[in-house]
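Me: I would like to go through the enclosed spaces and the ring contacts of this model, asking each time what a label rests on.

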Amino acid sequence: AKQLLESDVYIHQLRINPKAAFDGESFWWHQDYGTWRLEDGMPTPRALMIAVYLDDVDATNGPLLVIPGSHHHGHVDENNPDRNPTGYTVVDIDRAAIARLVAAHGIQAMTFKAGSVMFMNCNLVHASPENLTPKRRTIVYINANSVENRITKPVRAVHHANRDFTPLVPLADDCLAALAGGLYFAAGWTWLRPVLYFWGLALTTQACLTPTLTEGPAQPQFWF
């Protein structure tokens, strides 16, 4: 994220997008920057979406659909904001604009295996259909913003628009694997594997949300 945005970054928003089996709803064509600009006063589209796939996603179970190259057109002004009282507004793009973009660039389904990660420009036009299959489809979105592009209208709830602009500090790629692996092999208990898996997932999420923890490994607060 730092390389793509050429600056330090902070987490503007973290959300889980689950599409339950047989019941996952659809989302109309939109740009996430459209919401961030409208609701949060984000100055420029110097932000990106990091999609972490928790399930296998194929062409049938509600995949993310994108219009490749649509981000090069910038913010699409032909839109109609679908406001939600909870604060989650989707800035729907008009049909005529979508038809024009699709004619120029086509549509691609973003199908990946569980564990895959995709980096996506916040101006890329995207949508997703319903999930009518017996297969679950869950994606976690970690939306990163440049610290030089912090929002100017912090009025939405914190879980929609983060107010902590502290730059994230990256850890070693294998920091959690080394810790979990050491504990697992030291203990030799197979029941410890799922415990460590979900514990590592929780620590990773906490690191994204609270990157400036003052406690270290010597303090109990660090581990719980």
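What follows is a series of questions and replies on cavities, a pocket and aromatic contacts.

Me: How should the numbering and the values be read?

Reply: This is a predicted model, in which local features need pLDDT of at least 70 and side-chain atom pairs count only at pLDDT 80 or more, while totals for chains, interfaces and linings use all residues. Residues are numbered from 1 along each chain as its sequence is written, and side-chain values use heavy atoms, with hydrogens and water left out.

Me: What makes a space a cavity, and how many cavities of 30 Å³ or more are found?

Reply: On a 1 Å grid over the protein atoms alone, a cavity is a set of points where a 1.4 Å probe fits but cannot get out, whereas a pocket is an open set with protein on both sides within 12 Å along at least five of seven lines; lining residues have an atom within 4 Å of a point. Grid points are joined across faces, edges and corners, and a volume is the space filled by probe spheres set on the points. The search of the whole structure finds two cavities of 30 Å³ or more, of which the largest holds about 100 Å³ and the second largest about 50 Å³.

Me: Which elements supply the lining of the largest cavity?

Reply: Strand 1 (9–19), strand 2 (27–30), strand 9 (126–128) and strand 10 (137–146) each give at least two residues, where strands (E, at least two residues) and helices (H or I, at least four) are DSSP runs numbered from the N terminus. Strand 9 has the largest share, with three residues. Among the lining residues are Arg15 and Tyr141, and arginine 15 also lies over the face of tyrosine 141, at 5.0 Å from the ring centre. That distance meets the rule that NZ of Lys or CZ of Arg be within 6 Å of the ring centre, the other condition being a position within 35 degrees of the ring normal.

Me: Which element gives the most to the lining of the second largest cavity?

Reply: The lining includes Asp32, Thr35 and Trp36; strand 1 and helix 2 (32–40) each give two or more residues, and helix 2 gives the most, with three.

Me: What is the volume of the second largest pocket, and which residues are closest to its centre?

Reply: The second largest pocket has about 270 Å³ of space, and of its 13 lining residues Glu25, Phe27, Asn84, Tyr88 and Val90 are the closest to the centre. Strand 1 supplies the largest share of this lining, five residues.

Me: Why is the pair of tyrosine 10 and phenylalanine 165 called edge-to-face?

Reply: Rings of Phe, Tyr and Trp (its six-membered ring) pair if their centres lie within 6.5 Å, and planes under 30 degrees apart count as stacked, over 60 as edge-to-face and the rest as tilted. Two aromatic pairs result. In this one the centres are 5.1 Å apart and the planes at 75 degrees, so the pair is edge-to-face. Tyrosine 10 lies in strand 1 and phenylalanine 165 in the loop between strand 10 and helix 4 (175–187), so the pair ties together parts 155 residues apart in sequence.

Me: Why is tyrosine 53 called buried, and phenylalanine 112 partly exposed?

Reply: Buried means under 20% relative accessible area, exposed over 50%, and partly exposed in between (1.4 Å probe, protein chains only). Tyrosine 53 has 1% and is therefore buried, whereas phenylalanine 112, with 27%, is partly exposed.
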